[in-house]
Amino acid sequence: MSLVSLGLLQACTLHSRVDTDIDTDNEKLSINISDDMLSFRGEITESSVHQILKAVENYPGQIHKMTVNSTGGEVQSGILLGRWIFDNHIDLTIERFCMSSCANYLLTAAKSVHINKDAIVLWHGGATLRGKDLSLAEIPYFKHSIDMEKKFFRYIGVNERITDYGELNDYSLLQTTTGCIEAHQRKELQGWTYTLDDLKKFGVEHVISDNKNPPVIWEGQMMSCVIPVHRQS
């Protein structure tokens, strides 16, 4: 899912290299493989994920690491890329931002995650699309997306509530948590984030961060807030 307003208030050898640079409407797409590391910047779409997997297929070595900057994108494409990350035991570094589908499906699937200094990680919902009205034409796609998402989180062993925890009980946490209230009052709130300890409650145990507290400011805007999490079953 691309970043949108919530309404409450969006393996390579030393001598081998693969590069792709494409301008898109929302983000400049960049795919690079060098020294056994995949670097991806851009929106998660069917096209971008196809290009990533094609570049990986053409790469003569074994990829072990990945860096990402993404505001998110399409659910099914995110899940497909997440499966590749999980199956290949990828160590993921979030350079500056990982939002929406990036947080939902890439961060959760990685063997390990390193969040760089001041990098923002933001959730704002998953395939369940709580509160969103769908047209008849949209229903089959989203039914399939919901089914894919459930199977994905079972496969990687993570609680799928990580995607929509901030939406539960009519967004009650976003309406009652101090930082969320402030961001909403500033008309900048786009989603929420979690502490490292709370990520573990969803089954995401492999994250380290260069930040004492989860960053919530992006380009001068208070886009996110840290919400508390009760222990998940």
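The legends below describe close-up views of a predicted model.

**Figure 1. Overview of the predicted protein.** The protein contains 7 helices and 10 strands. Of its 233 residues, 52% are buried. The accessible surface amounts to about 11,300 Å², and carbon and sulfur atoms account for 49% of that surface. The count of disulfides is 2. When the bonded cysteines are numbered in sequence order, they pair as 1-2, 3-4. The views that follow take up the disulfides, a set of paired strands, and a pocket.

**Figure 2. The disulfide of Cys98 and Cys102.** A disulfide is a covalent bond between the sulfur atoms of two cysteines. In this view the sulfur atoms of Cys98 and Cys102 lie 2.1 Å apart. The angle about their S-S bond is -105 degrees, and the link is left-handed. Are these two cysteines buried or exposed? Cys98 has 0% relative accessibility, and a residue is called buried when the value is under 20%, so Cys98 counts as buried. Cys102 also has a relative accessible area of 0%, so Cys102 is buried by that cut-off.

**Figure 3. Ser100, in the loop between β5 and α3.** Strand β5 covers residues 91-99 and helix α3 covers residues 101-107, and Ser100 is found in the loop between them. Ser100 is not a glycine, yet its phi is positive, at about 55 degrees. The relative accessibility of Ser100 is 0%, so this residue counts as buried.

**Figure 4. The disulfide of Cys180 and Cys225.** The sulfur atoms of Cys180 and Cys225 are joined in a disulfide, with an S to S distance of 2.0 Å. Is this link left-handed or right-handed? The torsion about the S-S bond is about 90 degrees, so the disulfide of Cys180 and Cys225 is right-handed. Cys180 belongs to helix α6 (residues 178-185), whereas Cys225 lies in the segment after β10 (221-222). The pair therefore ties together parts that are 45 residues apart in sequence. Both Cys180 and Cys225 are buried.

**Figure 5. The hairpin of β2 and β3.** Strand β2 spans residues 28-34, and 6 of its 7 residues are buried, which leaves the strand mostly covered. Strand β3 spans residues 37-41 and pairs with β2 in the antiparallel sense over 5 bridges. Which residues of β3 stand opposite Asn32 and Ile33? Asn32 stands opposite Ser39, and Ile33 stands opposite Leu38. In a regular strand the side chains alternate between the two faces of the sheet. The two strands form a hairpin, with 2 residues between them.

**Figure 6. Asp35, in the turn of the hairpin.** Asp35 is placed in the loop between β2 and β3. Its phi is near 50 degrees, which is a positive value in a residue other than glycine. Is Asp35 buried, partly exposed or exposed? The relative accessible area of Asp35 is 44%, and partly exposed covers the range between 20% and 50%, so Asp35 is partly exposed.

**Figure 7. The pairing of β3 with β4.** Besides pairing with β2 in the antiparallel sense, strand β3 pairs with strand β4 (residues 65-70) in the parallel sense. There are 5 bridges between β3 and β4. Which residue of β4 is the bridge partner of Phe40? The partner is Val68.

**Figure 8. The second largest pocket.** Rolling a probe the size of a water molecule over the atoms shows where empty space is left. The second largest pocket holds about 160 Å³ of space. Its lining consists of 16 residues, and those nearest the centre of the pocket are Ile115, Tyr194, Leu196, Ser209 and Pro214. Which elements give two or more residues to this lining? They are β7 (120-122) and α7 (196-201). Sorted by class, the lining of the second largest pocket has 11 nonpolar residues, 4 polar residues and 1 charged residue.

Key: Residues are numbered from 1 along each chain as its sequence is written. This is a predicted model: local features need pLDDT of at least 70, side-chain atom pairs count only at pLDDT 80 or more; totals for chains, interfaces and linings use all residues. Side-chain values use heavy atoms; hydrogens and water are left out. On a 1 Å grid over the protein atoms alone, a cavity is a set of points where a 1.4 Å probe fits but cannot get out, and a pocket is an open set with protein on both sides within 12 Å along at least five of seven lines; lining residues have an atom within 4 Å of a point. Grid points are joined across faces, edges and corners, and a volume is the space filled by probe spheres set on the points. Helices (H or I, at least four residues) and strands (E, at least two) are DSSP runs, numbered from the N terminus. Ala, Val, Leu, Ile, Met, Phe, Trp, Tyr, Cys and Pro count as nonpolar, Asp, Glu, Lys and Arg as charged, and the others, Gly among them, as polar. A disulfide is a pair of cysteine sulfur atoms within 2.5 Å. Buried means under 20% relative accessible area, exposed over 50%, partly exposed in between (1.4 Å probe, protein chains only). Accessible areas come from the Shrake-Rupley method with a 1.4 Å probe; for residues, only the protein chains shown count as cover. Two strands pair if DSSP finds at least two bridges between them.
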